[in-house]
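Q: Could you take a close look at one buried spot in this model for me? Then carry on from there to the contacts and ring pairs elsewhere.

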Amino acid sequence: MAPPAGATLPRVTAERTSSGPAVHRQIWVDGEYLPWERATVHVLSHSLQRGSLIFDYMSVHETPRGPAVFRMREHVARFLDSARLVGLPLTQSAAQIEAAILDTVRHNPGATAVKVSAYLASIEVDVVPLDEHVTLAIAAYDPKTDVNAHKPKAAHRPATLRLWIEKQVKNRRKDIVPPQAKVAANYTSPMWAKWNARRRGYDEILLVDERGHVAEGPTTNVFLVDRAGTLVTPPEETVLLGVTRRTILEIARHEGIPVKEARVTPEDLFSASEVFLTGTTAGVWPVASVDDRPIGDGEAPGPVARRLGARFRRIVAGEDPEFDAWLSYVHPG
């Protein structure tokens with residue numbers, strides 16, 4: 001498929017800031033495959049300067065039937081919703097994007113993740129672009145070997161988390177950019193807040209809405225188990241509609257665990273028997289403490305997190321026939 005007329009294709013950069021991936025990766029850009037090192041944009045591109053890039057991120061798992069993308073259709077639907085919320089005039093349909101994702105994974109053996117991005121690659125002066133072409137790019141790769149292995153320090157991935165509730169940055173507000181949009185601009189304030197928390201010895205932060213209710217982490221959703229054994233998570237209107245969040249709610253109902261979507265206060269977390277985060281990369285990630293207060297009996301993960309995490313891992317591995325429809329196999333048949 002040739003790129004649309006007037007498309008601004010990525011340019012070759014003069015220098016690189018890190019060594020290349022462990023294997024030769026090809027990135028799909030407007031229907032053509034480009035080598036990893038050529039999938040770049042100009043420093044003055046609109047999306048780099050204005051933060052208008054949208055994206056979605058999904059996982060790839062090895063199963064008895066070969067590699068499969070987990071809940072690809074739900075991720076693509078969320079991606080299209082982000083384009084609508086931000087106002088990017090994407091021209092591709094969900095079916096076209098899904099087909100391109102599977103083809104990109106086939107072109108990149110060993111990939112464990114897929115990132116789909118849409119951005120205004122053209123150089124613009126005004127906040128409203130004169131060139132409205134939206135570039136679509138799809139990268140299938142392994143974050144550990146292709147990215148993190150080339151960094152000056154190791155990725156921070158403890159088994160259990162020390163959480164800090166961020167009290168100052170309250171950016172989960174509908175009147176700015178809705179939290180349901182996975183747009184680059186939505187991640188700047190959480191980056192600053194999480195960086196500061198890391199320097200103080202915390203692993204992750206939780207963001208609050210303008211009323212002080214707990215919303216979510218920068219890239220995760222939060223769950224608690226109350227003293228009655230109910231699984232509770234903040235309501236959809238204040239959080240990113242996490243695909244893993246939705247998955248855990250559905251698994252919990254299937255397991256007979258009572259669930260509730262409700263406003264969550266910091267005190268609710270402090271009194272919970274369990275707290276854990278969920279996300280595409282995180283999976284089910286248990287929390288040991290919040291604001292230096294131990295959760296439950298101080299042992300993490302708790303029984304509910306263990307139970308849900310174990311079922312989740314079986315599902316993504318293709319070992320649970322009841323949820324096989326959640327897997328999009330790269331080599332069907």
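A: Let's start with Asp 30, which is buried at a relative accessible area of 1% (buried is under 20%, exposed over 50%, partly exposed in between, with a 1.4 Å probe and protein chains only). Asp 30 is in the loop between strand S1 (26-29) and S2 (helices, H or I, of at least four residues and strands, E, of at least two are DSSP runs numbered from the N terminus). Its backbone stands out too: Asp 30 has a positive phi of about 50 degrees although it isn't a glycine.

Before going on, a word on ground rules: this is a predicted model, local features need pLDDT of at least 70, side-chain atom pairs need 80 or more, and totals for chains, interfaces and linings use all residues. Numbering starts from 1 along each chain as its sequence is written, and side-chain values use heavy atoms, with hydrogens and water left out.

Arg 71 tells a similar backbone story, with a positive phi near 50 degrees in a residue other than glycine. You'll find Arg 71 in the loop between strand S4 (66-70) and helix H2 (72-86), and with a relative accessible area of 2% it is buried. For another backbone oddity, look at Ala 300 and Pro 301, joined by a cis peptide bond with omega at about 5 degrees. Pro 301 lies in the loop between strand S15 (293-294) and H8.

Now for the strands. Ala 113 belongs to strand S5 (residues 113-119), and at 2% relative accessibility it counts as buried. Leaving out residues up to four places away in sequence, Ala 113 touches Tyr 57, Met 58, Ser 59, Val 60, Ala 139, Ala 140, Tyr 141 and Pro 143 (contact means heavy atoms within 4.5 Å).

Tyr 141 turns up again among the aromatics. There are seven aromatic pairs in the whole structure (Phe, Tyr and Trp rings, the six-membered one for Trp, pair with centres within 6.5 Å; planes under 30 degrees apart are stacked, over 60 edge-to-face, the rest tilted). In one of them, Trp 36 and Tyr 141 have ring centres 5.9 Å apart and planes at 75 degrees, so the pair is edge-to-face. Trp 36 is in the loop between strand S2 (32-35) and helix H1 (46-50) and Tyr 141 in strand S6 (residues 135-141), so the pair ties together parts that are 105 residues apart in sequence. Trp 36 is partly exposed at 22% relative accessibility, while Tyr 141 is buried at 11%.

Compare that with Phe 223 and Phe 276, a stacked pair at 5.3 Å centre to centre and 10 degrees between the planes. This pair also links distant parts of the chain: Phe 223 is in strand S10 (residues 221-225) and Phe 276 in strand S13 (residues 274-279), 53 residues apart. Both Phe 223 and Phe 276 are buried.

Next door in sequence to Phe 223, Val 222 is in strand S10 as well and is buried at 2% relative accessibility. Past four places in sequence, the contacts of Val 222 include Phe 276, along with Val 275, Leu 277 and Pro 234. Val 222 and Pro 234 are twelve residues apart in sequence and 7.5 Å apart in space, C-alpha to C-alpha.

Elsewhere, ring pairs join Phe 70, Phe 312, Phe 323 and Trp 326 into a cluster.
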